[in-house]
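Me: I'm new to this one and would like a close look at a single part of it. Could you walk me through a helix and its surroundings, and then show me how that fits into the rest?

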Amino acid sequence: MSNKEAGNSARDPLAETHELMTPEVPHGIDRRSFLMRSAVGGAAAVMTGCAPKPDERAATAAATAKPEAPAAPGPSEPPLSADLNVVLKGKGPVLTTVEEFYKVGPGPSSSHTIGPMRITYDFYQRATKLPADQLAKATKLQVNLFGSLSATGKGHGTERAALAGLVGHEPATVDPKFLDGLRDKPDQVFPVKLGSKSIDVSLKDVIYDATKGDFKHPNTMTVKLLAGDQVVLEQEYYSVGGGFIEWKGYTPPKKNDPKYPFRTMKELRTHADTTKTTIGKIMLANEMSITGKSEAEVYAWVDKVINAMVATVKSGLAMPEDDVLPGPIKLHSKAATVYTRAMDDKYQADRGIGVLSAFALAASEENGRGHLVITAPTGGSAGVMPSLVYGLLEVRKVDRQKVREGMLAAAAVGYLCKHHATLSAAEGGCQAEIGVASAMAAALTATVFDAPSLVVENAAESALQHHLGMTCDPVAGYVQVPCIERCAFGAVKAWTAYAIASNEIASRHRVDFDATVAALAQTAKDMNTKYKETSEAGLALSVVLC
Ligand code: SF4
């Protein structure tokens, strides 16, 4: 007999435990203190069999709870301007597309290499369009890096990426050897052709400027074309995470409406469930309506990304075990070693986790070398998705079409995190990079194995949840420690999240994805700035390099 059938007199007070808590915390009351008192009231009700109504219990709890402490002052507040599109966009439907999201470019950091290269390339393009008489006066090009770009840019090779864009290289097509050459011979000078004028540029024209200040975004930079002391053209830019860029006065490009507009995972999943299809197929329909592309064109891009991910794992695994990554850490490559051991039959029981880790290490080490990687969602996290893509395609030999749909479902997870929280470690720490990547990889895996949309959501939620609070503290400013191993952990956690989500009773999963994204945003806001890609704290402080 159910509780309802039994009526209130025989009601089991433990059967409806959610009623024992009072979820609404009154304004101005300390949440923890209030909930504890409310719970104590609920527990007393269970023991005595006398349950006051929730509103009566709330009144009692509020009367005895501590007043809310004033909000902690500013050091952890990210310096984000409210008029940045990356902040404003959270209000409308998700309009991001896969071509914007999955970007191919040189590692090691989407915000510190791909973003700055896109920025200086954008400036170079603008400068070429100036009237001939203005260009004739120009004498110098100058890039100034601020905030996190200045604090950790040297470890990321930001100056080389910025110079490459200025001389006309784009991230997707730049030869990593060009960037390696700049590292090996930093005094090289390059002529930049602007109309009839040719201006010489070198790494000396990229200036590491103030690390602290009143910037619109922690990754701010300016690019100038000068005629002596006079400014011919100047633009302030922001590398807002995942290789996305904005500038002062930026307005997002006009796009068509999505076929299935959504702002949240709940809305996205409702579309999938009511139309009896998958999240991946809803994303395909949206991609086609927003961009006007055909299904074949969308999948052609997705295939390019899949192939690039497979290639990055292959080239990482092919590197010799004694290879040393660039930079002062002198970190040895370990992908091939881990892979070889995992494939040894003596350790067969460990093989799954071993090879998944090796694939992630391989792609992430390629990122550390500054070779081409794919932002999924960022360069630092560029080992996570390729690990699962490679494992599913090359080891499990799953149907490629399933992986394509999985890539779209994974993109949806990344879009939602970008839309409501951040993909930038300078705004939110590593939870925004590896955490999001792991959630994406969990959604990919669940989609590939034909999981229902709720399981896809639950897998992504679980992977993201277990990265909340993770800080960004790269040693010596290089995307190597903790980043490379962290990609392996992100990949394994993605698999674990899928394993749990596909084995539990999906409807009993207690936390929804949107709540976890809200927690990601709030944690990002509250995190101390020292842990946001500044290399001022954590491992960056405790690890001593000799
Ligand atoms: S610690 Fe995480 S967020 Fe920071 S650079 Fe490394 S991978 Fe990126």
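Reply: Here's a walk that starts at one helix and then moves outwards.

A quick word on the ground rules: this is a predicted model, where local features need pLDDT of at least 70, side-chain atom pairs count only at pLDDT 80 or more, and totals for chains, interfaces and linings use all residues. Residues are numbered from 1 along each chain as its sequence is written, and side-chain values use heavy atoms, with hydrogens and water left out.

Let's zoom in on helix H10, which covers residues 176-184. (Helices are DSSP runs of H or I with at least four residues, strands are runs of E with at least two, and both are numbered from the N terminus.) Pro176, Phe178, Leu179, Asp180 and Leu182 are buried in this helix, where buried means under 20% relative accessible area, exposed means over 50% and partly exposed is in between, using a 1.4 Å probe and protein chains only. What lies over them? The cover includes helix H6 (110-128) and helix H9 (158-166), along with strands S1 (104-106), S3 (190-194) and S9 (372-374).

Leu179 is a good residue to pick out of H10. It counts as buried because its relative accessible area is 7%. Leaving aside residues up to four places away in sequence, Leu179 touches Pro106, Met117, Arg160, Ala161, Ala164 and Val174; a contact here means heavy atoms within 4.5 Å. Take Ala164: it is 15 residues from Leu179 along the chain, and their C-alpha atoms are 7.4 Å apart.

For another helix, try H22 (residues 513-526), which holds Thr516. Thr516 counts as buried because its relative accessibility is 3%. Its contacts, again skipping residues up to four places away, are Glu461, Leu464, Gln465, Leu468 and Val511. Lys304, in helix H13 (residues 295-317), is exposed because its relative accessible area is 54%. The C-alpha atoms of Lys304 and Tyr102 are separated by 9.9 Å, with the two positions 202 residues apart along the chain.

Now for the rings. The chain has twelve aromatic pairs, counted when ring centres of Phe, Tyr and Trp (its six-membered ring) lie within 6.5 Å, with planes under 30 degrees apart called stacked, over 60 edge-to-face and the rest tilted. One of them is Tyr237 with Trp247, edge-to-face at 6.3 Å centre to centre and 75° between the planes. Tyr237 belongs to strand S7 (residues 230-241) and Trp247 to strand S8 (residues 244-247), ten residues apart. Tyr237 is buried because its relative accessibility is 0%, while Trp247 is partly exposed at 22%. Trp247 also has the charged end of Arg126 over its ring, 4.7 Å from the centre; that needs NZ of Lys or CZ of Arg within 6 Å of the ring centre and within 35 degrees of the ring normal. Arg341 lies over the face of Tyr347 as well, at 3.5 Å from the ring centre.

Stepping back, the chain has 23 helices and nine strands, and 53% of its 546 residues are buried. How sure is the predictor? Its pLDDT, a confidence for each residue from 0 to 100, averages 87 over the chain, and 83% of the residues score at least 70. Residues 39-55 stay under 50, and so do residues 57-78. Where pLDDT is low, the predicted coordinates should not be read in detail.

Methods:
pLDDT is the predictor's confidence in each residue, from 0 to 100.
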